[in-house]
Amino acid sequence: MIVREVNTHISIEPDRDSNKFGDQYYIVLTYGCQMNENDSERFAGQLKRLGYHSTTELEKADLIVINTCCVRESAEKKIHGKIGELKRYKALNPNIIIVIAGCMAQKEREKLLKKFSHLDIVIGTHNIHQLAELVQTVEAKREKVLAVWDQAERLAPDVPTVRKGQISAWVPIMYGCNNFCTYCIVPYVRGRERSRPLADIISEIEQLGKEGFKEITLLGQNVNSYGKDSEEGADFADLLKESDSIQSIARIRYMTSHPRDMNDKVIKVIQDSRKICEHFHLPIQAGSDKILDRMNRGYTTEYYCQLVKKIRDLIPGSSITTDIIVGFPGETDEMFQETLEFVKLIGFDAAYTFLYSQRSGTPAAQYEDQIPLAVKKARLKQLMDMQNQVSLTINKQLIHRTVEVLVEGFSKTDESKLMGRTRTNKIVIWEKGGPEKIGQLVNINVTSAQTWLLKGRLTFNDREEEN
Ligand code: 5AD
Ligand code: SF4
């Protein structure tokens, strides 16, 4: 097996004439977080520029990219299964190019090429901009290539993007994470924090506005650290303020903020803004101070309560969502009870709950007091049951109220209904809406509530306008 390591930057042949090769199709399968979703859009942009067309059918594809996640073992297992499944496509079409990208590629590198002989390209998280040149190498030489830089010393050059939607768009503001929470693999596979220049971010948002996008989500592993690594002097609050002044955009969201770094300046900017949504996703991870300390989170439950109180006092009606890990090493029944109590105390609008997953190379993977899987599963169930009740109670308080919704499209489960999201990021579904409302802000009277969604009807004014 010849493995070529590509470490230099070669420029992309722009907009190659696809007819030279006959029509060629690509598909990008994405696992994991929003950052991966956005990286996949950048892969698609490069492939389009090379003359490939997009397809949704694996059978039809001449090039398959699997953009992977390794934050939990469950994701890794699923992806290993998928990679194995692709072997038959290589057997059917030996010229097919199969690419593994993302966090698992960064972690496993050449091991993937050794384990799966049908792979052609392994591309790391700092090499995203190189996909086009790697594909050209494989097309020309039929060799396997590996491009995994250990660290990105600087920001990668911009590449073309093919966006998945037409209403909401992701805009990365920084890459990497410096926090080293003891359970988390992300700092090892995404590298140190690197912020994009403010002017680049603002011009990308302005461009998106011109293209008709209505909502943008500023992305980063820890958005509140924006700017700390650069000389520019602008911080996350400054970036939010600038983004808020862009006329053509209706809504601004951001993901993810670390509770420790959510400061008064940011809260004040959100309070004074028109477009920044009143949704605070603040991962607590555990409701026991002992566990938070062992996780290296850098805050206590008391601090978190005060933060939530401040947000609710200054911005009434805000929604607060969170991430929680159960079964972190050393978590006793009493400590888990503290998490349950905490969830009740805060009253989260929603919580994304996870079984602790041992990630080799992280400090917590070495801790001796690992929790048995059965105990973790029982705790997860208890936590989800409790959170579901809390979410339902909170959502029911919205019945008979009017909420502003950005219409995203038809409901996935029922094409006769429209769906959208409130500013607080709750999904809303309603009947009798034509496609002309898609991309617009409408007012919906909430008529019923479930754990994960609201149902309603268009307010009289919005219906009038429609007629
Ligand atoms: N096990 C379980 N959940 C994890 N997360 C990150 N690492 C792990 C792990 N090893 C969760 C955290 C984080 C979310 C994106 O994934 O809750 O906020
Ligand atoms: Fe992982 Fe912690 Fe960084 Fe989030 S802040 S990506 S949980 S290390």
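In this predicted model, 30 salt bridges are found. Side chains of opposite charge can pair when their charged atoms come close. A few of these pairs are worth a slower look.

A good place to start is the pair formed by Asp39 and Arg190, whose side chains meet in a salt bridge with an N to O distance of 3.0 Å. This pair links distant parts of the chain, since Asp39 sits in helix α1 while Arg190 belongs to helix α7 (residues 186-190), 151 residues apart. Are these two partners buried or exposed? Asp39 has a relative accessible area of 4% and is therefore buried, the cut-off being under 20%. Arg190, at 5% relative accessibility, counts as buried as well.

Helix α1 also takes part in a salt bridge through Glu41, whose side chain meets that of Arg163 at 3.9 Å, N to O. Here too the pair links distant parts of the chain: Glu41 is in helix α1, whereas Arg163 lies in the loop between β7 (144-147) and β8 (168-172), and 122 residues separate them. Both Arg163 and Glu41 are buried. These two residues are also members of a network of salt bridges, in which they are linked with Arg42, Arg196 and Glu204.

Not every pair reaches across the sequence in this way. The side chains of Lys82 and Glu85 form a salt bridge of 3.2 Å, N to O. Why are these two about one helical turn apart? Lys82 and Glu85 both belong to helix α2 and are three residues apart, which means that about one helical turn separates them. Glu85 has a relative accessible area of 39%, so this residue is partly exposed.

Attention now turns to three cysteines. According to the UniProt record, an unreviewed entry, the annotation "binding site" covers Cys33, Cys69 and Cys103. These residues span 71 residues in sequence, yet no two of their C-alpha atoms are more than 10.5 Å apart, so the three gather at one spot.

Cys33 is located in the loop between β2 (24-30) and α1 (34-49). With 32% relative accessibility, Cys33 counts as partly exposed. Cys69 is likewise found in a loop, in this case between β4 (63-68) and α2 (73-85). Its relative accessibility is 10%, so Cys69 counts as buried. Which residues does Cys69 touch, leaving aside those up to four places away in sequence? Its contacts are Tyr31, Gly32, Asn36, Ala75, Glu76, Ile79, Cys103 and Met104. Cys103, one of these contacts, is also covered by the "binding site" annotation in the UniProt record.

Notes:
Residues numbered from 1 in each chain as written. Chains lettered and ligands numbered in written order. Predicted model: local features only at pLDDT ≥ 70, side-chain atom pairs only at ≥ 80, totals over all residues. Heavy atoms only, no water. UniProt positions renumbered as here; feature names shortened; annotations may be inferred. Helix = DSSP H or I, 4+ residues; strand = E, 2+ residues; numbered from the N terminus. Buried < 20%, exposed > 50% of the residue type's maximum accessible area, 1.4 Å probe, protein only. Contact = heavy atoms within 4.5 Å. Salt bridge = Lys/Arg side-chain N within 4 Å of Asp/Glu carboxyl O.
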